[in-house]
Amino acid sequence: MEELSLALDLIGTFVFALSGALAGVKRGLDLFGVLVLSFAAANAGGITRDLLIGAVPPAAFHDLRYLGTSLFAGLVTFYFASLIVRLSNAVLLFDAAGLAFFAVAGASKALDHGLSPVMAVVLGMVTGIGGGMVRDVLLTEIPTVLRAELYAVAALVAATVVVIGHLLHLPVAPVTITALILCFGLRVMAIRYRWQLPVAKFAKQSDVTAKDGNNPEKF
Amino acid sequence: MEELSLALDLIGTFVFALSGALAGVKRGLDLFGVLVLSFAAANAGGITRDLLIGAVPPAAFHDLRYLGTSLFAGLVTFYFASLIVRLSNAVLLFDAAGLAFFAVAGASKALDHGLSPVMAVVLGMVTGIGGGMVRDVLLTEIPTVLRAELYAVAALVAATVVVIGHLLHLPVAPVTITALILCFGLRVMAIRYRWQLPVAKFAKQSDVTAKDGNNPEKF
Amino acid sequence: MEELSLALDLIGTFVFALSGALAGVKRGLDLFGVLVLSFAAANAGGITRDLLIGAVPPAAFHDLRYLGTSLFAGLVTFYFASLIVRLSNAVLLFDAAGLAFFAVAGASKALDHGLSPVMAVVLGMVTGIGGGMVRDVLLTEIPTVLRAELYAVAALVAATVVVIGHLLHLPVAPVTITALILCFGLRVMAIRYRWQLPVAKFAKQSDVTAKDGNNPEKF
């Protein structure tokens, strides 16, 4: 079980690192920049969680396998970028899997550190989405997760299942599997059918067109 | 007194969350993105302070009222954005009040944790302005506070009053009230009369025109 | 030795603060914004390292000299920006020196806190490059270090020398001097001869032209 959990975590790390490296390659970063983005995308969520719950140094600075996995994914992407792009549907599937693993692992770790159930759910979600947010901020893009198809919601669902299972003292293995399947399935369906969260009416009516012109005195 | 302090803190949280949510709505984020911005704008300053002084988990992850208040403000903004926009003068006033509360609370907490007076002032200011900075970075904008009318200065004044009061062992209540009034008043006057800090001559001469013209689609 | 080390650290702080302030002046920030960028550019790397290894409050919040040095550099830049610009070659040299000092100091501190050798190297690099990354993110630019001439590599080399010296129990002084000289020399040579890390072929083929068209001077 412990080993399974580590394996899942490292798969998640690998896939998230691929997504970070690919974003860096597309923006023309050099080799170092690509490796930084791999590491950041794969580990920033977990590092943030660990800083917030006081688990320092964060796991990513303890266990060399996280660094190694991230750098390996970064190098693969750097030298075989066009291959990774051609596999991008597979990458999206792996990314959905990574999200599920990270959300589950994040919520469990927060519970272990004594956080309240609601906050364990929040931290599970942060673990899942934090890496992608840092990746996008480093590339000066508004984080995709603030716009993407149910990305954060899928992480929230997984973390919620873990926390409810914990509160009801249900056995860990089936709860974990349920959480993983729900998160993965929800994310894949959202991509497939383009499920979206609503956008405020206000934005749709008035501001989106005006945006580019309307902050003259601010800058 | 304790209850008053909590009430002020939650009012500040609510108002800062409004400002974050409104910024998110204007940029066309989905519901989740708007809620993330509410939470970040309202709590990132306090979370940063708590991480820096070693108070983990940060208050925002302890006490559910901060999360609840932030999400409530985010939902209100999401569904009644045009109302909030129409009330934007009131929101600016509340924001000035939130800044005052946060700066005072931040400086006090830093003193309680044994930081030096100068650093307590700095952390008071960080508590006041950190949320807005994170909000703007997530939206890929240069933080307003690095340009706005005496925003940070007002926070600095409030934090300085608190720290001086502490050093001179003055009674807490009148010191707090003085700090709040000074910060609020200074900020409101700065908005009303467009008081600004100076900009370097260098920038005015050479760079501003070039700047404004050369990133047309970015701003 | 101790005093030398502090002196080197403060020189690094001063020079990095210059670079932050200059970037702020060029973007037309007000006085406060320029001072925030000085402080962030000079201290964010060390603060990040200290948070990650659990050394809170970070040194920059302990020892007033870091704040004082940063603000002094910011004020000098604000009022004499055109002078600093004319000295920009000298500033680049000082910046290379600052990078060397910070990478060495960061790796040593991480070793003192019991991190593994590999992670001490990573944290030495983070100490060297973190400030510049935060500076660029606050100005909504992709961090230069993800693209610049061997900047991070020079920091990695310095940190690696420190860690190898530590593992082999070599005397500290000559190891430190070697690390400093290597980092400084590598960075200066890289600037002089425009040494670059490779960029992925994928980016060169397909994406760079599209990219270059819409932000011409930025990339």
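Here are a few exercises on how the chains of this predicted model fit together, each with a worked solution.

Before you start: residues are numbered from 1 along each chain as its sequence is written, and chains are lettered from A and ligands numbered from 1 in the order in which they are written. Local features need pLDDT of at least 70, side-chain atom pairs count only at pLDDT 80 or more, and totals for chains, interfaces and linings use all residues.

**Exercise 1.** Work out which helix of chain C gives the most residues to the side that touches chain B.

*Solution.* Start with the contact itself: 27 residues of chain C meet 29 residues of chain B. Two residues are in contact if their C-beta atoms, placed from the backbone, lie within 7 Å. Next, list the elements of chain C that give two or more residues: α1 (2-26), α2 (31-53), α4 (64-79), α5 (81-86) and α7 (117-138). Helices here are DSSP runs (H or I, at least four residues), numbered from the N terminus. The winner is α2(C), with six residues. Finally, sort that side by type: 18 nonpolar, five polar and four charged. For that sorting, Ala, Val, Leu, Ile, Met, Phe, Trp, Tyr, Cys and Pro count as nonpolar, Asp, Glu, Lys and Arg as charged, and the others, Gly among them, as polar.

**Exercise 2.** Find the turn that lays chain C on chain B, and say what it tells you about the axis.

*Solution.* Superpose the copies by least squares on the C-alpha atoms of residues with pLDDT of at least 70 in both. You get a turn of 120 degrees, a shift of 0.0 Å along the axis and an RMSD of 0.0 Å. The two copies are therefore related as by a three-fold rotation axis. Now look for the residue of chain C that comes closest to this axis: C:Thr140, at 3.4 Å (C-alpha). As for chain B and chain A, a rotation of 120 degrees with 0.0 Å of shift superposes them too, with an RMSD of 0.0 Å.

**Exercise 3.** Decide whether A:His113 is buried, exposed or partly exposed, and name its contacts beyond four places in sequence.

*Solution.* First place the residue: A:His113 sits in the loop between α6 (88-112) and α7 (117-138) of chain A. Then count: A:His113 has 17 other C-beta atoms within 10 Å, so it is partly exposed. (Buried takes 20 or more such atoms, exposed 12 or fewer, and partly exposed is in between, with C-beta atoms placed from the backbone.) Its contacts, leaving aside neighbours within four places in sequence, are A:Ile53 and A:Ala55. A:Ala55 is 58 residues away in sequence but 8.4 Å away in space, C-alpha to C-alpha.
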